[in-house]
Amino acid sequence: MNVLAASGLEIGFHPATALLIGGLVAAVLRGRFASMALVIAPVFGLWYIHSLELGAVSHLSLFGYDLLAVEVDKQAKFFGYLFHVAALIAGIYSFHVRDPWQLSMGLLYAASAVGVAFAGDMISLFLWWEGLAITSVFQIWGRKTKAAEESGFRYLFFHISSGLLLLCGILFRYHGEGESALAMEPLTEALEAGDVGAILILLAVGIKAAFPGLHTWLKDGYAEATHTGPVWLCAFTTKCAVCMLARLFPGAEVLIVIGAVMAVFPIFYGMMENDLRRVLCYGKINQIGFMVVGIGIGTDLAIDGAIAHAFSHVLYKGLLFMSMGAVLYRTGEVRSSHLGGLYKSMPWTAGFNILGAMAVSFPLFCGFVSKSVIITEAAQNGYMVVWLCLLFGAVGVFLQAGVKIPFFAFFGKDSGLRPKEAPVNMLLAMGVSSFICLFIGCNPEWLYSLLPHGAAGYHPYDATHVITQLQVLFFAILAFVLLRKFEKYPREVPSVVLDIDWVYRKAGQGFMLGMGWFWNGCNGLVHRLFVGGLVKKVNTFSKAGQVHVLSFLADPMHEIGLLGEGDKQKAKERMTLRARLGLHPIGLTAFVGMLFLLGFLLLA
Amino acid sequence: MPKPSKKKKEAKDWLDYPENRSWLLRCFYWLCGLIVVVDVVFTLGWHKHAIFKEGETLHTVEILPAFYGIFGFVVCVGLVYLSKLLGNSTGKCGLIKEEDYWDK
């Protein structure tokens with residue numbers, strides 16, 4: 001975009017340029033060359049982000065408006081790094097894929113995410129926001145099944161709605177405030193004052209952040225996506241939403257409540273769900289809940305924690321999605337009721353999955369050093385109930401992502417499946433991800449130094465923290481072990497779990513059927529009355545009207561002697577017959593015609 | 001610890017032997033116990049850094065030894081039973097439905 005308007009550039013290229021070019025190249029090239037673009041583009045992009053100076057901007061003229069297309073600050077750079085690392089890992093993971101749509105759209109999707117992170121004003125945000133929606137759906141449609149196609153449309157419905165709500169919000173604010181409403185400034189005060197524009201913008205971001213009730217696209221879309229799809233999907237859309245929440249709504253109290261609900265309710269769904277990728281999706285909503293709470297608390301440290309956790313979360317959730325993708329790729333199956341004992345033939349994948357599971361919460365892994373910032377800040381600021389919700393969420397998500405998934409997929413009851421180990425590129429991507437998870441866990445200051453406020457004053461490796469965290473995790477595993485031992489843990493059965501999507505997938509269907517019955521009924525009735533009834537009668541009248549009129553007039557005409565002497569009935573029959581055969585004397589026809597004309601004259 | 005013997009068809013893994021599995025579980029139970037002991041010793045001998053400020057209701061509860069362990073255990077057990085109740089796969093009103101539910 002910026003390349004076209006080269007005159008307005010203060011920084012060489014748009015930060016997303018490398019990914020955009022990579023995406024276009026991947027669309028044109030075929031085979032391994034296209035896959036090479038997946039790996040090379042993020043590396044160049046990463047180097048470019050690193051070279052960007054803080055405070056740099058880039059303007060762009062579009063339709064006569066001067067847009068602030070890029071603004072480089074610490075948060076934008078942080079998410080820039082994150083999205084490029086995620087694109088690189090997902091690129092390596094998807095190296096074997098030969099579908100140009102998935103590959104090129106994957107890179108363009110990453111480019112849109114970078115565009116969102118660096119957007120300097122609301123209009124450029126909106127353009128990239130729409131880009132996110134359109135490019136991401138190909139990771140779902142790429143599976144080429146009917147279920148994936150339908151799910152992709154449902155996914156698109158949510159995300160296009162999000163874009164439209166964002167546009168509505170921007171326009172509302174523009175009408176109220178003028179040009180200043182387009183600036184990328186916090187809207188927290190406007191939101192708390194009940195500004196409609198701010199509420200619409202929060203809703204738009206809320207759809208992408210999977211707020212409760214708006215979250216079903218996530219578990220619906222990801223579970224139907226290709227085996228590589230969720231690795232791309234989990235890195236960008238929701239993290240863009242977190243990035244925008246941190247920019248636009250820091251310290252909005254309503255986010256604390258929303259985040260706490262998000263941290264708790266998906267845990268129950270995750271427990272009931274049989275599809276292991278859906279379990280991960282619910283875990284994902286739960287973890288975004290943590291970030292939303294952090295942004296809602298609004299202190300520098302809490303927002304740092306939320307942003308840091310977005311980084312960790314992309315890495316370990318990506319790792320878990322990668323291991324499940326490998327299982328799906330090799331076995332064609334990802335339902336826990338159909339899996340088990342895969343560690344025998346997929347030991348590396350099992351190992352990386354366990355590392356991903358540990359990265360959720362264990363000391364020395366990335367989840368430990370970022371999630372705890374938010375939990376601690378909730379406690380430090382006196383949010384007791386929220387703290388309990390977060391701790392509950394942390395334990396619950398570990399039980400699912402950390403215990404349930406590795407156990408039912410790789411250990412547990414032997415399913416008899418003996419698939420091949422995952423391809424080398426997948427293992428490499430999982431290896432890179434695991435390494436970064438461990439590296440950040442062991443060197444948190446490296447992550448903290450990239451944060452907007454440097455997570456000042458937070459030290460994750462405190463003896464109390466390590467001991468209490470280990471205790472909570474080990475006792476969660478203990479509960480699982482004992483419940484299994486005493487056969488109290490529910491059996492995994494092939495099933496689906498009803499969520500809010502029931503409203504539009506079943507009740508909505510019922511509504512459609514009801515409406516169809518009502519309106520089609522009305523249509524039928526009107527058809528019967530007018531087309532079948534009135535029109536038929538008019539038709540009959542125009543065809544045989546004269547016969548009826550004359551037979552009606554026969555009696556009075558006989559009375560006054562116009563039909564001559566004779567039997568009244570016979571005269572009537574004769575006249576009707578003549579009328580039917582068109583054998584009237586001209587005079588009579590003229591007389592009736594005159595009567596009609598007189599009637600019309602009187603009526604007129 | 002018994003050593004796995006070599007088998008002909010599919011070589012049995014170390015984990016395939018029940019005695020190895022129970023050995024692993026015993027180690028795990030000991031580890032859980034050890035963590036509680038460390039917590040108790042740490043609480044008695046050193047100053048525990050509670051994350052709640054002093055004076056907050058949860059401060060005193062939080063610094064109790066094994067609070068986090070008990071919390072984790074209770075939450076997990078509660079979660080399993082509650083989700084069983086919510087799912088109610090055999091009943092009509094549960095959230096868990098048969099796989100072809102959406103296609104009906």
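Okay, let's start with one residue. Leave aside the neighbours within four places in sequence, and Val205(A) is in contact with Trp129(A), Ala241(A), Met244(A) and Leu245(A). Before I go on: this is a predicted model, so please hear everything that way.

Where does Val205(A) sit? It's in helix H9 of chain A, which covers residues 196-208. Buried or exposed? Its relative accessibility is 1%, so Val205(A) counts as buried, given that the cut-off for buried is under 20%. Take its partner Trp129(A): the two are 76 residues apart in sequence, and their C-alpha atoms are 9.6 Å apart in space.

Now zoom out to chain A. We've got 23 helices and 3 strands there. The radius of gyration is 35 Å, and the globule rule gives 25 Å for 604 residues, so chain A is more spread out than a compact globule. If you want a box, the C-alpha atoms fill roughly 130 × 65 × 55 Å along the principal axes. As for burial, 59% of the 604 residues of chain A count as buried. And the contacts? Take those in chain A between residues at least 6 apart in sequence: 80% of them join residues at least 24 apart.

On to the cores. The largest nonpolar core has 213 residues. Which residues have the most contacts inside it? Those are Phe236(A), Leu245(A), Phe249(A), Leu255(A) and Trp387(A). You've met Leu245(A) already, as one of the contacts of Val205(A). Helix H14 of chain A, residues 300-331, gives the most to this core, with 19 residues. There's also a second, separate core of 9 residues, including Leu550(A), Met557(A), Ala571(A) and Leu588(A).

Let me stay with Trp387(A) for a second, as its contacts reach into chain B. Not counting residues up to four places away in sequence, Trp387(A) touches Ile375(A) and Ala379(A) in its own chain. Over in chain B, the residues it touches are Ile51(B), Phe52(B), Leu58(B), Glu62(B), Phe67(B) and Tyr68(B).

Right, empty space. How many cavities of 30 Å³ or more does the structure hold? Just 1, and about 70 Å³ of space lies in it. Its lining includes Ala86(A), Ile89(A) and Ala90(A), then Val231(A) and Ala235(A), and also Val314(A), Leu315(A), Gly318(A), Met322(A) and Ser433(A). The elements giving two or more residues to that lining are helix H3 (74-93), helix H11 (229-248) and H14 of chain A. H14(A) gives the most, with 4 residues, and that's the helix that also gives the most to the largest core. By class, the cavity lining divides into 8 nonpolar, 2 polar and no charged residues.

Last stop, the largest pocket. Its volume is about 1,200 Å³, and 32 residues line it. Nearest its centre are Phe407(A), Phe411(A) and Val481(A), along with Leu24(B) and Leu25(B). Which elements each supply at least two residues of the lining? From chain A, helix H15 (347-359), helix H17 (384-410) and helix H20 (463-485); from chain B, helix H1 (18-45). The largest share, 8 residues, comes from H1(B). The pocket lining has 21 nonpolar, 4 polar and 7 charged residues, whereas the cavity lining has no charged ones.

That's my tour, over to you.

Conventions: Residues are numbered from 1 along each chain as its sequence is written. Chains are lettered from A and ligands numbered from 1 in the order in which they are written. This is a predicted model: local features need pLDDT of at least 70, side-chain atom pairs count only at pLDDT 80 or more; totals for chains, interfaces and linings use all residues. Side-chain values use heavy atoms; hydrogens and water are left out. A nonpolar core is a set of buried Ala, Val, Leu, Ile, Met, Phe, Trp, Tyr and Cys residues joined through side-chain atoms within 4.5 Å. Buried means under 20% relative accessible area, exposed over 50%, partly exposed in between (1.4 Å probe, protein chains only). Contact means heavy atoms within 4.5 Å. On a 1 Å grid over the protein atoms alone, a cavity is a set of points where a 1.4 Å probe fits but cannot get out, and a pocket is an open set with protein on both sides within 12 Å along at least five of seven lines; lining residues have an atom within 4 Å of a point. Grid points are joined across faces, edges and corners, and a volume is the space filled by probe spheres set on the points. Ala, Val, Leu, Ile, Met, Phe, Trp, Tyr, Cys and Pro count as nonpolar, Asp, Glu, Lys and Arg as charged, and the others, Gly among them, as polar. The radius of gyration is taken over C-alpha atoms; the globule rule is 2.2 Å times the number of residues to the power 0.38.
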